[in-house]
Amino acid sequence: GVFHANPQGVMSQYGEGMAAANGIILSPDEKTLYATNGGVVMAFDVRPDGSLVNQREFGKLRGGQGGDGSAVDAEGRVYVATGASVDVFAPTGQFLGSIPGLQGLHGTAFGGRDKKTLFAIVFSGGWGTPSARNRVVAIPTIAQGYTGRAK
């Protein structure tokens with residue numbers, strides 16, 4: 001599920017049927033929280049106190065096996081690492097396309113001086129083995145990442 005700790009440290013869990021929750025990111029206006037759940041991106045409305053309501057399916061991933069790290073751009077588009085690509089969704093949930101990537105692509109964030117570079121983490125080797133490696137690749141974009149917070 002998705003967990004939230006309020007300022008007093010009280011934990012709450014959200015998300016029905018979200019055994020594979022990952023890739024959590026807020027919309028630029030911080031009124032919507034997105035979380036991947038396997039091959040689906042879920043959305044929640046965020047209340048002023050940080051609690052979540054109105055769980056719904058936002059979109060289905062198409063470029064890889066399942067969702068992982070996510071990012072948003074200045075226009076509110078959602079970018080989700082899928083294991084082999086970065087799938088892009090409009091703020092309405094409409095699938096816009098996949099940015100092809102390397103097998104093992106599992107994280108993504110906008111960065112650089114103008115936030116027009118989409119950085120992706122690519123894993124190779126076997127988990128827990130001496131050959132396990134992560135590397136970061138840079139993908140120049142026309143879109144600009146959201147500049148109102150770090151990610």
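**Figure 1. Strands β5 and β6 pair in the predicted model.** In this predicted model, β5 covers residues 40-46 and pairs with β6 in the antiparallel sense. Six bridges hold the register of this pair. V40 has K60 of β6 as its bridge partner. M42 is matched with E57, again in β6. The two strands form a hairpin, with five residues between them. In that turn, G50 has a positive phi of about 90°.

**Figure 2. Strand β4 lies on the other pairing of β5.** β4 spans residues 32-37 and is joined to β5 by six bridges. The two strands run antiparallel. L33 finds its bridge partner in F44 of β5. Two residues separate the strands of the β4 and β5 hairpin. There, G38 takes a positive phi near 65°. How many residues of β5 are buried? Five of its seven residues are, so β5 is largely enclosed by the rest of the structure.

**Figure 3. Four strands make an open sheet.** The order is β3-β4-β5-β6. Pairing is antiparallel. Which strands stand at the edges? They are β3 (21-26) and β6 (52-60). Each has a single partner strand, so one side of each is left without a neighbour in the sheet. From one strand to the next, the twist averages 25°.

**Figure 4. E30 has a positive phi in a loop.** E30 sits in the loop between β3 and β4. Its phi is positive, about 60°, although E30 is not a glycine. Most residues other than glycine have a negative phi. Is E30 buried or partly exposed? E30 is partly exposed, with a relative accessible area of 41%.

**Figure 5. Six strands make another open sheet.** Here the order reads β7-β8-β9-β10-β11-β12. The pairing is antiparallel. β7 (70-72) and β12 (133-140) are the edge strands, and each pairs on one side only. The twist averages 30° from one strand to the next. A closer look at one pair follows. β11, residues 117-124, pairs with β12 in the antiparallel sense over eight bridges. Within this pair, I121 stands opposite V136 of β12.

**Figure 6. Twelve residues form the largest nonpolar core.** Its members are A71, Y79, A81, V86, V88, L105, F110, L118, A120, V122, I139 and A143. Which strands each supply at least two of the core residues? They are β8 (78-81), β9 (83-89), β10 and β11. β11 gives the most, with three residues. In soluble globular proteins, nonpolar side chains tend to be buried together.

**Figure 7. A81 is a buried member of the core.** A81 lies in strand β8. It belongs to the largest nonpolar core. Its relative accessible area is 0%, so A81 falls under the 20% cut-off and counts as buried. K31 gives a reference point elsewhere in the chain. A81 and K31 are 50 residues apart along the chain. Their C-alpha atoms are separated by 22 Å.

**Figure 8. The model holds one cavity of 30 Å³ or more.** Rolling a probe the size of a water molecule over the atoms shows where empty space is left. The count of cavities of that size comes to one. About 50 Å³ of space lies inside the largest cavity. Which residues line the largest cavity? The lining consists of A71, V72, A109, F110, K115, G145, Y146, A150 and K151. β7 and β10 (95-111) are the elements that give two or more residues to this lining. By class, the lining residues divide into six nonpolar, one polar and two charged. Two of the names recur from an earlier view. A71 and F110 line the cavity, and A71 and F110 also appear in the largest nonpolar core.

**Figure 9. K115 combines a positive phi with burial.** K115 lies in the loop between β10 and β11. Its phi is near 55°, a positive value in a residue other than glycine. Is K115 buried or exposed? K115 is buried, with a relative accessible area of 13%. K115 is also one of the residues that line the largest cavity.

Notes. Residues are numbered from 1 along each chain as its sequence is written. This is a predicted model: local features need pLDDT of at least 70, side-chain atom pairs count only at pLDDT 80 or more; totals for chains, interfaces and linings use all residues. Side-chain values use heavy atoms; hydrogens and water are left out. Two strands pair if DSSP finds at least two bridges between them. Axes are lines fitted to C-alpha atoms, for helices over the stretch in contact, and angles run from 0 to 180 degrees between N-to-C directions. On a 1 Å grid over the protein atoms alone, a cavity is a set of points where a 1.4 Å probe fits but cannot get out, and a pocket is an open set with protein on both sides within 12 Å along at least five of seven lines; lining residues have an atom within 4 Å of a point. Grid points are joined across faces, edges and corners, and a volume is the space filled by probe spheres set on the points. Ala, Val, Leu, Ile, Met, Phe, Trp, Tyr, Cys and Pro count as nonpolar, Asp, Glu, Lys and Arg as charged, and the others, Gly among them, as polar. Buried means under 20% relative accessible area, exposed over 50%, partly exposed in between (1.4 Å probe, protein chains only). A nonpolar core is a set of buried Ala, Val, Leu, Ile, Met, Phe, Trp, Tyr and Cys residues joined through side-chain atoms within 4.5 Å.
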